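Thanks for coming. I will take this one region by region, and there is time for questions afterwards.

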Amino acid sequence: MIDLQLTDKTHDEERQGEALVIDAPEVHNGRKLYIESYGCQMNFADSEIVASILKDQGFETTGDYHEADVVFINTCSIRENAEQRVRNRLSQFSAEKRRNPKLVVGVLGCMAERLKSKFLEEEKLVDMVVGPDAYRDLPQLINQVEDGHKAINVLLSREETYADISPVRLNTNGITAFISIMRGCDNMCSFCVVPFTRGRERSRDPYSILAEAQGLFDKGYKEVTLLGQNVDSYKWKGADAEETAEIEVNFAQLLEKVALISPELRIRFSTSHPKDITDEVLYTIAKYDNICNYIHLPIQSGSSRVLELMNRTYTREWYINRVEAIRSIIPGCAISSDIIAGFCTETEEEHQETLSIMDYVGYDFAFTFSYSERPGTLAARKLADDIPEPVKKRRLAEILLKAQETSLMRLQQFVGKTVKILVEGTSKKSDLDLCGRNDQNAMVVFPATPGVKAGTYVNVYIDRCTSATLLGTIAVEVPEIV
């Protein structure tokens, strides 16, 4: 994956395997929980739900699994290397369990359903396996293990959204947070396991979403990202706040409701689907200054034939139409993408089509992968993974290079201009610098300045850039902000 500092639903490599630590519960049961997460931001958000459920049971979290009573690993099945990392980690936990036989080891999340029998019975790596819709059952399942039994619940739900559970914010900077607005996915992309691991799509009620966003703002958070596998298909139908009439809320309307909480609260969202993103959503973004001008719009392939094999349900021409709508309605909007190299039967000409659409769109960021067959998917059952690995690697390298070129081109447009950013904290490379993101989600780094702290909005004059970062200084005189 290209090394871009991007807040998004996609995999953040720097957070893979991150262990959470939260404030101790008011009533402590004497037991400690260790939980680490892999995969996308949806998984990290789920870990916050797990932490909330077990904190209510009196569990205290720890960042050292050697002192834990319960160890969970929240898993991902999107890519093969993620599964291998999880297996390696489970082997380490098994070694700890030999030292401490009372230790409870469990696998949560997307790998649970597919690998439950292997983990529990064949490889005997874990005591419990819990799917993403069964986290409410965790206290009971832990008790079951402590009584000497293996425990499993991987049932998928058509209703569960955890709307009534207030997530415990994990390893947060206190400024930005994620809000899950829906669960599951109804898009049966042939390469993707999500519909099988997270179940059918269901939308969370807007009242709980708004309450969570308002609560975060009241606590000092300045930015929220609305998360869903396909946010544009968000749709909720139910009684209004006074329970006097039936209403229906779509994603554009939800965006507006969250934006109206406060002009000081920045709104982002991820992920959009090209087949579903509407002009209504785009006009809503354009209407409110606090809805960021940034859209993650995965293309996956620039070839209509390959897109059909992927079951993406749109063509190259449709995608271009949506990009043109974005450029017309929201001038200057940043667009990022996911791109797969070497999907089944992809020809060299079709690979060139992907490179050409990258040139046409000029992506601000791109997350790129070579195709990895995932067991249980339509592609695994129906299509031959027939592109040789050296060809995949070469095509991926060309896509990466193109992504770096377009990213640099987009960032160079800010040089010599002033941008408004939300300060997130000190730079990862130097305590002498601060960093934050502009409206288009580009990372901005500038020298630390007295009086400027995390959680404040500042104007930064950009004097140079790399292919991933804008560099500048606090603007003394503020020309037109971009």
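**Walking through the model**

I start with a loop: Tyr 162 sits between β7, residues 151–153, and β8. Its phi is near 55°, which is a positive value in a residue other than glycine. Before going further, please keep in mind that this is a predicted model.

β8 takes us into the first sheet I want to show. That sheet is open and has 3 strands in the order β8-β11-β14, paired in parallel. Which strands are at its edges? They are β8, at 176–180, and β14, at 266–270, and each of them pairs on one side only. Ignoring direction, neighbouring strands in this sheet are turned by 25° against each other on average.

Now one pairing within that sheet. β11 covers residues 223–227, and 5 bridges link it to β14 in the parallel sense. If you want a residue pair to look at, take Leu 226, whose bridge partner in β14 is Phe 269.

Next, follow the chain out of β14. Ser 270 and Thr 271 are joined by a cis peptide bond, with omega at about 10°. Thr 271 belongs to the loop that lies between β14 and α8.

That brings us to α8 itself. This helix, residues 279–287, packs with α10, residues 316–329, at an angle of about 25°, and the two axes are 10 Å apart. The angle therefore makes α8 roughly parallel to α10. As for the handedness, α8 passes α10 in a right-handed crossing.

Back along the chain, there is a hairpin to point out. β12, residues 235–239, and β13, residues 246–250, pair antiparallel over 5 bridges. One of the residues to find here is Lys 237, whose bridge partner in β13 is Glu 248. Between the two strands of the hairpin are 6 residues, and in this turn Glu 243 has a positive phi of about 55°.

On to the second open sheet. Here 3 strands are arranged in the order β15-β16-β17, again with parallel pairing. β15, at 294–296, and β17, at 365–370, are the edge strands with a single partner strand each, so one side of each has no neighbour in the sheet. The average turn between neighbouring strands of this sheet is 10°, direction ignored. Within the sheet, β15 runs parallel to β16, residues 334–341, and 3 bridges join them. The residue opposite Tyr 294 is Ala 334 in β16.

Further along, three strands deserve a look, with β22 as the common partner. β20, residues 443–447, pairs with β22, residues 469–474, in the parallel sense over 3 bridges. In that pairing, Val 444 stands opposite Leu 470 of β22. β21, residues 457–465, runs antiparallel to β22, and 5 bridges join the two. There, Arg 464 is opposite Leu 471 of β22. How many residues lie in the hairpin connection from β21 to β22? The hairpin joins these strands through 3 residues.

As a reminder for all of these pairings, strands of a sheet pair through backbone hydrogen bonds, either parallel or antiparallel.

I will finish with the empty space. Rolling a probe the size of a water molecule over the atoms shows where such space is left. Searching the whole structure gives 4 cavities of 30 Å³ or more. I will describe the second largest cavity, which has a volume of about 80 Å³. Its lining has 14 residues, and those nearest its centre are Ile 49, Pro 167, Ser 180, Arg 204 and Glu 212. Two elements, α1 (41–55) and β8, each supply at least two residues of this lining. By class, the lining of this cavity contains 7 nonpolar, 2 polar and 5 charged residues.

What is the volume of the second largest pocket? It comes to about 620 Å³. This pocket is lined by 23 residues, of which Asp 289, Asn 293, Asp 439, Gln 440 and Val 482 are the closest to its centre. The lining of the second largest pocket divides into 10 nonpolar, 5 polar and 8 charged residues.

That is what I have to show. I can go back to any of these regions on the screen.

Terms used:
Residues numbered from 1 in each chain as written. Predicted model: local features only at pLDDT ≥ 70, side-chain atom pairs only at ≥ 80, totals over all residues. Heavy atoms only, no water. 1 Å grid on protein atoms, 1.4 Å probe; cavity = no way out; pocket = protein on both sides within 12 Å on 5 of 7 lines; lining within 4 Å. Points joined across faces, edges and corners; volume = space filled by probe spheres on them. Nonpolar A, V, L, I, M, F, W, Y, C, P; charged D, E, K, R; others polar. Pairing = 2+ DSSP bridges. Helix = DSSP H or I, 4+ residues; strand = E, 2+ residues; numbered from the N terminus. Axes fitted to C-alpha atoms, helices over the stretch in contact; angles between N-to-C directions. Parallel < 35°, antiparallel > 145°, perpendicular 65-115°, else oblique. Left-handed = near helix turned anticlockwise from the far one by under 90°.
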